[in-house]
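Visitor: Could you take me through this model with a few questions and answers, going from the record to the fold and the ligand?

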Amino acid sequence: PNATTASALPRTIAHRGLSARAPENTLTAVREAKRAGCDWVELDVQLLGDGTPVIWHDNGVRRCSNTRGKLAKLTLDKARALDVGSWFHKDCAGEPMATLEEMLALIGSLDMGLNLELKVNRGRSGQALVDTALPMALKALPAEQLVVSCFDVQTLSAARAFQRDAELLRIGLLYDKLPAGWRKEAERLDAFSLHLNWRKLKKKDARDIKDAGYALFCYTPNDPIAFQPIWDWGVDGVISDDPALFTQYLPDGKP
Ligand code: G3P
Ligand code: MG
């Protein structure tokens, strides 16, 4: 693994870090992904109540910490006091919530690639998240080691408005099921990739996406045998909780 590997299109991306083996979206989960031979991670970013961008998936903190409450109500001090590891395993007790800033520093130092998912809660605007998180990510990582994705098209439009050069900002459109209007959205955003729920992906959709010239990633397959036929549809990479499972099932055996 080196800069060349992280710059190439990843076959496997560790979902929320190596979330099968470490508490999701933590520094440990990213270190573990690297140790397992995975050069790319997918991580979720959102803002605390005081505007600090942190690596976190849910609206609330109940599932992945030792307390409950809404993330958007926390200040950095309060968020840092949480234990976001022991819910996963007692040996992970004391793991702190990662700020985007420290996570970017770690990813840079490990020379990894990052699929940063802008997590926009239902009904909220992603503009503040774009304004805060995007400049940090663009400054910390080379353009070919970053893909910024989101389910919310308006937020992606804000990201594209921030950086209009598609070579300098690679945008990934996240969909559950591919909607009829995907081409227009992808063109408007000058998108780099589409990221689709593998269980809802159809062969024809995959072909259309590849024919249109976009990279195609699937989330979140954790069963390499069930996924195997889908590689032939032209999928570039999988975003999996445990990428090592896929190693021997990759189309040409190369990670
Ligand atoms: O980015 C792919 C995947 O992470 C999207 O769903 O809920 O796991 O963030 P979710
Ligand atoms: Mg995600």
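**A guided reading**

Guide: In an unreviewed entry, UniProt lists residues 10-250 as "domain: GP-PDE", and what we examine here is a predicted model.

Visitor: How far apart do the end C-alpha atoms of residues 10-250 lie?

Guide: The span that carries the UniProt annotation is 30% helix and 19% strand in this model. Its end C-alpha atoms, those of residues 10-250, lie apart by 12 Å.

Visitor: Which residues of helix α2 are buried, and what covers them?

Guide: Helix α2, which takes in residues 27-35, is mostly covered, since seven of its nine residues are buried. Those residues are Leu27, Thr28, Ala29, Val30, Glu32, Ala33 and Lys34, and just after the helix Gly37 takes a positive phi of about 90°. What covers the buried residues includes β1 (12-15), β2 (40-47) and α4 (100-109).

Visitor: Is strand β7 enclosed or open, and why?

Guide: In strand β7 (residues 193-197), four of the five residues are buried. The strand is therefore, with respect to the rest of the structure, largely enclosed.

Visitor: Which residue of β7 does Leu173 stand opposite?

Guide: Strand β6 (residues 171-175) pairs with β7 in the parallel sense, over four bridges. Within this part of the structure, the residue of β7 that Leu173 stands opposite is Leu194.

Visitor: Through which helix does the chain cross from β7 to β8?

Guide: β7 and strand β8 (residues 215-219) run parallel and are joined by five bridges, and Leu196 stands opposite Cys218 in β8. The β-α-β crossover between these two strands is right-handed, and the helix through which the chain passes, residues 203-211, is α8.

Visitor: Is Lys90 buried or exposed?

Guide: Lys90 is found in the loop between α3 (76-80) and α4, and its C-alpha is 35 Å from that of Gly172, with their positions 82 residues apart in sequence. Counting around Lys90 gives 8 other C-beta atoms within 10 Å, and a residue with 12 or fewer falls in the exposed class, so Lys90 is exposed.

Visitor: How do the residues of the shell around ligand 1 divide into nonpolar, polar and charged?

Guide: Ligand 1 is surrounded by His15, Glu42, Asp44, His57, Glu117, Ser149, Leu174, His195, Tyr219 and Ile239. Sorted by class, the residues of this shell come to three nonpolar, four polar and three charged.

Definitions and conventions. Residues are numbered from 1 along each chain as its sequence is written. Chains are lettered from A and ligands numbered from 1 in the order in which they are written. This is a predicted model: local features need pLDDT of at least 70, side-chain atom pairs count only at pLDDT 80 or more; totals for chains, interfaces and linings use all residues. A residue is near a molecule or strand if its C-beta atom, placed from the backbone, lies within 6 Å of it. Ala, Val, Leu, Ile, Met, Phe, Trp, Tyr, Cys and Pro count as nonpolar, Asp, Glu, Lys and Arg as charged, and the others, Gly among them, as polar. UniProt positions are given in the numbering used here, feature names are shortened, and annotations may be inferred rather than shown by experiment. A residue is buried if 20 or more other C-beta atoms lie within 10 Å of its own, exposed if 12 or fewer, and partly exposed in between; C-beta atoms are placed from the backbone. Two residues are in contact if their C-beta atoms, placed from the backbone, lie within 7 Å. Two strands pair if DSSP finds at least two bridges between them. A crossover is right-handed if, with the strands pointing away from the viewer, the path from the first strand over the helix to the second runs clockwise.
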